Amino acid sequence: MSRSSIKGPYVDAKLLGKVTKQQTSGIKKPIQTWARNCSIPPEFVGHTFLVHNGRVFKEVFVSEAMVGHKLGEFSLTRTFHGHGKIVKRVLSKT
């Protein structure tokens, strides 16, 4: 179920404060966060975030195409290793 349109998108207040602080100071340092459920507002465009995926922090650079999505969508938690090798089976004559 999605969030109510009356409430608007969820943006973490601490994270938004860190972004505005960086904009005023002019320093572009990656912002470390655990807020994977935070929506990406237009203010985040051009900033780099270190989003925690449960094990390590993945670097995510926010572009205009990412606005409206969640930060967690760009820091995957599972590693896909494929569906397995294709093994050629030899029929034995008995």
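The exercises below, each with a worked solution, concern a predicted model of a protein.

**Exercise 1. The overall fold**

Determine how many helices and strands the protein has, in what order they run, and whether the protein is spread out or compact.

Solution. Begin with the secondary structure, which comes to 1 helix and 3 strands. Reading from the N terminus, the order of these elements is α-β-β-β. Next, take the radius of gyration, which is 20 Å, and set it beside the 12 Å that the globule rule gives for 94 residues; the value is well over that figure, so the protein is more spread out than a compact globule. The C-alpha trace can also be described along its principal axes, where it spans about 80 × 35 × 25 Å.

**Exercise 2. Surface, contacts and charge**

Find what share of the residues is buried, what supplies the exposed area, and how many charged side chains of each sign the protein has.

Solution. Of the 94 residues in the protein, 26% are buried. The area that the protein exposes is about 7700 Å², and carbon and sulfur atoms supply 57% of it. Among contacts with a separation of 6 or more, 42% are between residues 24 or more positions apart. As for charge, there are 16 positive and 5 negative side chains, with the centres of the two sets lying 16 Å apart.

**Exercise 3. Two aromatic pairs**

The structure holds 2 aromatic pairs; work out the geometry of the pair formed by Trp 34 and Phe 57, and then that of the pair formed by Phe 44 and Phe 49.

Solution. For Trp 34 and Phe 57, the ring centres are 5.0 Å apart and the planes stand at 80 degrees, so this pair is edge-to-face. To place the two residues, note that Trp 34 sits in the loop between strand S1 (31-33) and strand S2 (48-52), while Phe 57 belongs to strand S3 (residues 57-61), so that the pair links distant parts of the chain, 23 residues apart. Trp 34 is exposed, because its relative accessible area is 58% and the cut-off for exposed is over 50%. Phe 57, at 27% relative accessibility, counts as partly exposed.

The pair of Phe 44 and Phe 49 is tilted, with 5.0 Å from centre to centre and 45 degrees between the planes. Phe 44 has a relative accessible area of 0% and is therefore buried, and Phe 49, at 0% relative accessibility, also counts as buried.

**Exercise 4. Tyr 10 and Gln 23**

For Tyr 10 and for Gln 23, state where the residue lies and which residues it touches beyond four places in sequence.

Solution. Start with Tyr 10, which lies in the segment before helix H1 (13-25) and, at 30% relative accessibility, counts as partly exposed. Leaving out residues up to four places away in sequence, Tyr 10 touches Arg 3, Asn 37, Cys 38 and Ser 39. From Tyr 10 to Phe 74 there are 64 residues in sequence and 17 Å in space, C-alpha to C-alpha.

Turn then to Gln 23, which is found in helix H1 and counts as partly exposed at 43% relative accessibility. Apart from its neighbours within four places in sequence, Gln 23 is in contact with Glu 43 and His 47. Gln 23 and Ile 86 are 63 residues apart in sequence, and their C-alpha atoms are 52 Å apart in space.

Terms used. Residues numbered from 1 in each chain as written. Predicted model: local features only at pLDDT ≥ 70, side-chain atom pairs only at ≥ 80, totals over all residues. Heavy atoms only, no water. Phe/Tyr/Trp six-rings, centres within 6.5 Å; stacked < 30°, edge-to-face > 60°. Buried < 20%, exposed > 50% of the residue type's maximum accessible area, 1.4 Å probe, protein only. Rg over C-alpha atoms; globule rule 2.2 N^0.38 Å. Contact = heavy atoms within 4.5 Å. Areas by Shrake-Rupley, 256 points an atom, 1.4 Å probe, with all protein chains shown as cover. Lys, Arg positive; Asp, Glu negative; His and termini not counted. Charge placed at Lys NZ, Arg CZ, Asp CG, Glu CD.
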